[in-house]
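Colleague: I am new to this model. Please take me through it one question at a time.

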Amino acid sequence: MSDTIKWSFSSDRCFRRCQRQYFLTQIAAYHSAKDPVRREAFLCKQLKTLELWRGSLIHTGIEKYVVPAWQQRCTVNWDSAIKQTQELAQQQLAFSVARRYREEGMTKTKAGDRYCALVGHESEVGVSDEEFGTVLTTIETCLRNLSAMSELLGEIQRAEQIWCELPLYIQYDTGRLEVHLDLMFFRSFGQPTIIDWKVSESMGGSDADLQTGLYAWAMCQHPKWRVKEASDCELVEVQLLSNDVIRHRTDDKTFDCIENRIYRSLDSIQSLRQRRKFSIADIEEYEFATNANSCAICSQQMLCRQIAQQQREGELPTAPVKERKKKTKEKSHVSCLELF
Ligand code: SF4
């Protein structure tokens, strides 16, 4: 376990929602671990709801079957892009139905684009024909909507170069920040346009400005891109389902808020991380969720429950816990078990 903390907006949200979920998904989860708890945490982390799945299919469809045509300055064959994305959905569904993600030796690299693990296939619930039909229809609706956004498509096609699914890694304080841009191009020197494909509802909530601003902040921090001012970045939220294009700008004040948020988040996470080497006993330092709704949609729920039970029965190692923390934990532990 490195001293550097991997930080992203989603890992920060996870930590705020439930520290145990953060421990399982961000620290314990490890694909090649011999330790069955770490392997299970990794598998549970891959599980997607139908909503997340359709979003990831559409992102992959745009990346694989639309962006290459833009990059080669060719006309996009939208019918073919829709068909190929729907075929990919079929392949992923078959992979998940057969629970191939649980096969011994199966990795995301080995499975490639077919890799898929759906929440429904971890129980009897499955995915109904009707639900799968809705996924196929959503793919078609989103890609057809995109094909009709002529102003946006004109801007993309005029760009000299287009970057798709661009990862930016930035060292900041004790964190290694990861930001992924769905699509990025420069309008002119030092002036990027950053596109965020959205399949669900519009970004709302108190931190929506920070989340969009983070993309611009990351561009300004990264030495490769030579972007100097917050105001040079244009952030475009493309609502593929509702057919809306929402343009955002950011400013220095938002950048200050972003840095403050990252700094405070890293500080809170750092205060719980005890040692370099992974130990399941450390999970005791991490609080259970206090909101039942968080547990109801948590893909780590079964594992979380098993660990809590095994620790109570002395089947897993436990760590000495400071008295002050213990009191807090006992309180939240009870509320979590009630949820189970
Ligand atoms: S089941 Fe609840 S307490 Fe356990 S990890 Fe998930 S959200 Fe946290």
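Colleague: Which residue in β6 does Val236 stand opposite?

Modeller: This is a predicted model: local features need pLDDT of at least 70, side-chain atom pairs count only at pLDDT 80 or more, and totals for chains, interfaces and linings use all residues. Residues are numbered from 1 along each chain as its sequence is written, and side-chain values use heavy atoms, with hydrogens and water left out. Strands (E, at least two residues) and helices (H or I, at least four) are DSSP runs, numbered from the N terminus. Opposite Val236, in β6, stands Arg247.

Colleague: In what sense do β5 and β6 pair?

Modeller: Two strands pair if DSSP finds at least two bridges between them. Between β5 (residues 234-239) and β6 (residues 244-248) there are five bridges. In their hairpin four residues lie between the strands, and Asn243 has a positive phi near 65°. The sense of the pairing is antiparallel.

Colleague: Which strand pairs with β3 in the parallel sense?

Modeller: β2 (residues 163-172) and β3 run antiparallel, joined by nine bridges, with Cys164 partnered by Leu183. β3 and β4 (residues 191-198) also run antiparallel, joined by five bridges; here Phe186 stands opposite Pro192. Lys6 has Arg176 in β3 as its bridge partner. Over three bridges, the strand that pairs with β3 (residues 175-188) in the parallel sense is β1 (residues 5-7).

Colleague: Which residue takes a positive phi in the hairpin of β3 and β4?

Modeller: The hairpin of β2 and β3 has two residues between its strands, and Asp173 in that turn has a positive phi of about 50°. The hairpin of β3 and β4 has two residues between the strands, and the one with a positive phi, near 75°, is Gly190.

Colleague: Why do α6 and α8 count as roughly parallel or roughly antiparallel?

Modeller: Axes are lines fitted to C-alpha atoms, for helices over the stretch in contact, and angles run from 0 to 180 degrees between N-to-C directions. The axes of α6 (residues 78-97) and α8 (residues 129-147) come within 10 Å and cross at roughly 155°. Angles under 35 degrees count as roughly parallel, over 145 as roughly antiparallel, 65 to 115 as roughly perpendicular and the rest as oblique. The angle therefore makes α6 and α8 roughly antiparallel.

Colleague: How many residues of the contact of α6 with α8 are nonpolar?

Modeller: Contact means heavy atoms within 4.5 Å, and among the residues that meet are Trp78 and Leu93 in α6 and Phe132 and Leu143 in α8. Ala, Val, Leu, Ile, Met, Phe, Trp, Tyr, Cys and Pro count as nonpolar, Asp, Glu, Lys and Arg as charged, and the others, Gly among them, as polar. In this contact three residues are charged, four are polar and the nonpolar ones number 10.

Colleague: At what angle do α1 and α2 pack?

Modeller: Their contact includes Cys14 and Phe15 in α1, and Tyr22 and Thr25 in α2. The two helices are oblique to each other. The axes of α1 (residues 9-17) and α2 lie 5 Å apart, and the angle is about 140°.

Colleague: How many residues surround the ligand?

Modeller: A residue is near a molecule if one of its heavy atoms lies within 4 Å of it. α2 (19-28), α12 (292-296) and α13 (301-312) each supply at least two residues of the shell. The closest residues are Cys18, Ala289, Cys295, Cys298 and Cys304, and the residues around the ligand number 12.
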